Amino acid sequence: MSYDAKFRVWRGDATAGELRDFTVAVNEGEVVLDIIHRLQATQASDLAVRWNCKAGKCGSCSAEINGRPRLLCMTRMSTFTETETITVTPLRAFPVIRDLVTDVSFNYQKAREIPSFAPPKDLAPGEYRMQQVDVQRSQEFRKCIECFLCQDTCHVVRDHEENKESFAGPRFLMRIAELDMHPLDSLDRKRQAQDEHGLGFCNITKCCSDVCPEHIKITDNALIPMKERVADTRYDPLVWLGNKIRRRS
Ligand code: SF4
Ligand code: SF4
Ligand code: FES
């Protein structure tokens with residue numbers, strides 16, 4: 001069964017832009033990306049949109065639908081009524097390049113700032129076997145498709161450009177937490193998270209977890225446990241005393 005849907009799509013570039021109204025045909029089983037493609041094919045051939053897999057796996061079709069960060073290819077048209085107007089806008093936390101395409105290089109820069117896995121230097125290959133429980137602990141975080149919807153929705157940077165320098169965002173704090181959980185990693189990830197990547201900015205609102213298309217429990221399983229481990233090492237009086245004695249000797 002087909003019907004005509006009302007769409008409101010943001011058109012413009014880094015200098016200026018506006019919402020434009022379109023009426024586009026919708027067929028049964030389609031997702032928002034299908035409608036954007038039909039719009040390109042029939043009415044707006046120069047509409048810029050980024051996509052790749054159309055299967056929720058490449059993380060490139062991120063945008064905002066009715067103000068909520070979502071993947072265009074995983075948002076079914078059947079979740080809307082036939083009469084409502086569907087608004088599609090670019091990710092708000094990142095600079096617009098054109099139309100629905102944003103410059104997400106902030107995220108690549110943050111990724112580069114995190115040192116990679118660092119096993120002890122004297123450990124020879126084959127000398128260590130990971131326990132299954134240690135593998136499982138970080139498995140959830142490895143499902144990340146780097147769509148950056150969590151980065152877009154986090155209020156610490158969404159409306160506060162000035163925080164970007166000192167805050168890595170949920171995706172990358174989760175990466176640090178994952179490395180911190182690794183039994184062989186030898187760097188002080190707790191200090192990095194707190195002092196260099198702004199873990200303290202996060203006030204565990206869980207908005208990042210709410211928009212994650214992979215349903216990763218970013219806040220519950222990565223950020224809160226990381227905050228607890230930071231608190232254990234910094235504010236536990238016994239740990240504090242031990243560190244002080246160690247420093248003196
Ligand atoms: S839980 Fe923390 S990282 Fe996630 S959206 Fe809220 S403030 Fe941002
Ligand atoms: S954690 Fe989830 S929302 Fe964030 S980038 Fe990865 S897949 Fe996307
Ligand atoms: S096109 Fe790859 S996630 Fe949507």
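In this predicted model, I65 of strand β3 is a good place to begin, for this residue stands opposite R68 in β4. A second pair in these strands can be found at A63, which stands opposite R70 in β4. Strand β3 covers residues 62–65 and is joined to β4 by 4 bridges, with the two strands running antiparallel. Strands of a sheet, in general, pair through backbone hydrogen bonds, and they may do so in a parallel or an antiparallel way.

The turn that links these strands deserves a closer look. The hairpin of β3 and β4 has 2 residues between the strands, and within this hairpin N66 takes a positive phi near 50°. N66 lies in the loop between β3 and β4, and because 15 C-beta neighbours are found inside 10 Å of this residue, N66 counts as partly exposed. When neighbours within four places in sequence are left aside, N66 is in contact with I86 and T87. A further residue, T89, is 23 residues away from N66 in sequence, while the two C-alpha atoms are 8.0 Å apart in space.

From the hairpin the view can widen to the sheet, in which 5 strands are arranged in the order β2-β1-β5-β3-β4, forming an open sheet with mixed pairing. Strands β2 (17–26) and β4 (68–71) stand at the edges and have a single partner strand each, so one side of each is left without a neighbour in the sheet. From one strand to the next, the twist averages 35°. Packed on this sheet is helix α1, made of residues 32–42, which touches β1 (3–12), β2, β3 and β5 (85–89), and whose direction makes about 100° with that of β2.

The chain as a whole contains 10 helices and 7 strands, and its C-alpha trace spans about 75 × 40 × 30 Å along the principal axes. Of its 249 residues, 33% are buried. Among the contacts in the chain with a separation of 6 or more, 62% are between residues 24 or more positions apart.

Two domains divide the chain, with domain 1 covering 3–101 and domain 2 covering 105–248, and their centres, taken over C-alpha atoms, are separated by 32 Å. The contact between them takes 13 residues from domain 1 and 13 residues from domain 2. On the side of domain 1 that touches domain 2, β4 gives the most, with 3 residues, and the residues of that side divide into 7 nonpolar, 3 polar and 3 charged.

The ligands remain to be placed. Around ligand 1 stand C154, V156, P170, C202, N203, I204, T205, K206, C207, C208, T219 and L223, and at least two residues of this shell are supplied by each of the helices α8 (207–211) and α9 (218–235). By class, the shell around ligand 1 has 8 nonpolar, 3 polar and 1 charged residues. Ligand 2 has 14 residues around it, of which C144, C147, L149, C150 and C212 come nearest, and its shell divides into 11 nonpolar, no polar and 3 charged residues.

Key. Residues numbered from 1 in each chain as written. Chains lettered and ligands numbered in written order. Predicted model: local features only at pLDDT ≥ 70, side-chain atom pairs only at ≥ 80, totals over all residues. Pairing = 2+ DSSP bridges. Axes fitted to C-alpha atoms, helices over the stretch in contact; angles between N-to-C directions. Contact = placed C-beta atoms within 7 Å. Near = placed C-beta within 6 Å. Nonpolar A, V, L, I, M, F, W, Y, C, P; charged D, E, K, R; others polar. Buried ≥ 20, exposed ≤ 12 C-beta atoms within 10 Å, placed from the backbone. Domains from an automatic or database assignment.
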